[in-house]
Amino acid sequence: MRPIRLPEPPSPKPSAGMPDIFEGGVYGVIRRAVVIGNGFPGSENQSIGLVRALGLADKHVLYRVTRPKGGMNEWLHWLPVSLHKKLYNIIRQIHGYSKLFLKSRGHKIASLPSENGSSVGLSSILEADVKQIVNMARETYEKDGPLLVIASGRDTISTASSIKRLASENVFVIQIQHPRLNLNRFDLVITPHHDYYPLTPKGQEQIPRFLRKWITPREPPDRNVVLTVGALHQIDAASLRSAASAYHDEFAPLPKPLLVVNIGGPTRCCRYGADLAKHLVSNLRSVLVSCGSVRICFSNRTTEKVSSTIVKELGDNPKVFIWNCDETIPHMGHLAWADAFVVTADSVGTISEVCSTGKPVYVMGSECCRWKLSDFHKSLRERGVVRPFTGSENITESWSYPPLNDTAEAASKVHSVLAERGWRLRP
């Protein structure tokens with residue numbers, strides 16, 4: 001199979017040993033970053049991937065905006081996180097008063113779920129405190145220069161925009177994933193093309209006229225918006241080389257070609273069930289003759305019906321190894337050593353990662369996708385990055401394409417926008 005040359009992560013131009021003070025001054029050099037996460041790996045992976053591409057992998061601190069979890073909190077996730085927390089605190093107080101009253105009458109009381117679904121609560125997590133981060137940015141500005149703030153996900157929007165508003169002279173704030181409204185609250189917004197699907201003619205046709213003014217985004221991307229094909233992540237040539245070395249003893253002996261199958265789960269924009277699993281099993285059986293070995297992985301969203309169908313039908317095949325959900329999956333080893341991938345259509349993050357390898361990617365279930373996720377898959381097919389998984393493939397026959405390079409391209413844009421402001425990242 002023909003090797004694929006992957007794009008290297010961007011590196012800033014060397015300063016030829018020139019002191020910081022002669023290049024924009026010490027106050028214009030960014031040396032550290034704050035990542036504001038929401039506790040979801042898919043979102044935090046994007047922020048950390050960008051930090052890594054910017055050369056600050058060992059110079060960042062992770063904060064989290066967390067929601068109360070467990071019990072009734074699962075019904076309140078549609079609320080803004082600040083309102084959710086206030087409402088939860090009120091409910092806790094009411095519950096506490098009720099508990100005291102009923103205890104005095106000899107009744108047994110069930111405990112209210114803690115804020116994080118366990119006894120530890122929010123106090124065990126490094127919470128994103130706007131005042132603390134703003135004070136740090138201001139107080140350390142003269143010594144350490146500006147602070148880079150990178151956030152991803154809906155729950156982080158309020159925190160990131162507040163930091164920008166309160167310390168605009170000391171921070172550079174990047175919001176990953178479209179914040180829907182008031183994009184000028186951030187220095188830079190990084191979001192995929194398909195987030196603007198509602199503005200396309202096809203997207204407009206799918207929105208009832210009376211709802212159009214409520215659907216976001218409402219305006220085309222401004223100059224502070226960086227558009228990507230898919231999601232950002234931590235996969236590049238260097239990480240794949242490292243993984244190839246680290247997992248050599250585990251994967252090198254496997255019969256080739258190695259087909260890695262990543263199975264997700266249904267989402268709001270991509271609904272499927274056991275029928276897709278049966279179709280996937282049929283197609284995998286058809287291509288097994290051309291495979292040396294097959295590794296199948298489930299995600300935490302994979303339904304019991306889907307996983308049990310796969311295990312029942314393929315678990316006894318000597319060519320197939322199915323990872324137990326309780327085991328740690330060697331994801332980087334799969335990316336480095338696989339010869340081809342089959343992925344379900346539901347996860348933009350997983351598809352973006354496998355499409356950054358330049359290896360054949362076959363997608364299962366894209367016909368189940370709707371709205372902007374359907375637009376994402378259409379763009380990948382038009383670029384020749386993915387093909388539908390039909391069961392007629394010969395896995396020994398390789399094909400290639402220019403690998404997706406969204407993270408490196410976004411990092412390059414960050415360098416350019418910083419330069420316009422007279423700032424730069426320390427090489």
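Let me start with strand β6, where L188, I190 and P192 point one way and V189 and T191 point the other way, and where all of these residues are buried. Please keep in mind throughout that what we are looking at is a predicted model. For those of you who are new to strands, the general rule is that in a regular strand the side chains alternate between the two faces of the sheet. To put the burial as a count, 5 of the 5 residues of β6 are buried, so that the strand is mostly covered.

Now, which strands does β6 pair with? On one side there is β5, which pairs with β6 in the parallel sense over 3 bridges, and within that pairing I176 has I190 of β6 as its bridge partner. There is also β7, which runs parallel to β6 and is joined to it by 4 bridges. Along that second pairing, V189 stands opposite V225 of β7, while T191 has L227 of β7 as its bridge partner. As a general reminder, strands of a sheet pair through backbone hydrogen bonds, either parallel or antiparallel.

If we step back to the whole sheet, we find that it is open and has 6 strands, paired in parallel, in the order β3-β2-β4-β5-β6-β7. The edges are taken by β3, residues 60-64, and β7, residues 225-228, and because each of them has a single partner strand, one side of each is left without a neighbour in the sheet. From one strand to the next, the twist averages 20°. Packed on this sheet is helix α1, residues 41-53, which touches β2, β3, β4, β5 and β6, and whose direction makes about 150° with that of β4.

Helix α1 has other partners as well, and I would like to take two of them in turn. With helix α14, residues 406-421, α1 packs at an angle of about 60°, the two axes being 9 Å apart, and the crossing is right-handed. The residues that make this contact are G49, L50 and A53 on the α1 side, and T407, A410 and A411 on the α14 side.

The other partner is helix α7, residues 237-246, in which A237, S239, L240 and A243 are buried. Why do we find these four on the same side of α7? It is because they cover an arc of only 160° around the axis. The buried residues of α7 pack against α1 and also against α11, residues 331-337, whereas the face turned away from the buried side carries S245 and A246, which are exposed. At the N-terminal end, α7 is capped by D236, with a side-chain oxygen lying 3.1 Å from the backbone nitrogen of A238.

Finally, let me turn to one residue in a loop, namely H178, which lies between β5 and β6. Is H178 buried or exposed? Its relative accessible area is 6%, and since buried means under 20%, H178 counts as buried. A polar atom of the H178 side chain lies 2.8 Å from the backbone nitrogen of R180, and the side chain of H178 also makes a polar contact, at 3.0 Å, with the side chain of Y196. If we leave aside the neighbours within four places in sequence, H178 is in contact with L183, T191, D195, Y196 and P217. That list brings us back to where we began, for T191 is one of the buried residues of β6.

Methods
Residues numbered from 1 in each chain as written. Predicted model: local features only at pLDDT ≥ 70, side-chain atom pairs only at ≥ 80, totals over all residues. Heavy atoms only, no water. Pairing = 2+ DSSP bridges. Helix = DSSP H or I, 4+ residues; strand = E, 2+ residues; numbered from the N terminus. Axes fitted to C-alpha atoms, helices over the stretch in contact; angles between N-to-C directions. Contact = heavy atoms within 4.5 Å. Buried < 20%, exposed > 50% of the residue type's maximum accessible area, 1.4 Å probe, protein only. Arc of directions from axis to C-beta. Polar contact = N/O pair within 3.5 Å; in protein donor to acceptor, adjacent residues only side chain to side chain. Left-handed = near helix turned anticlockwise from the far one by under 90°.
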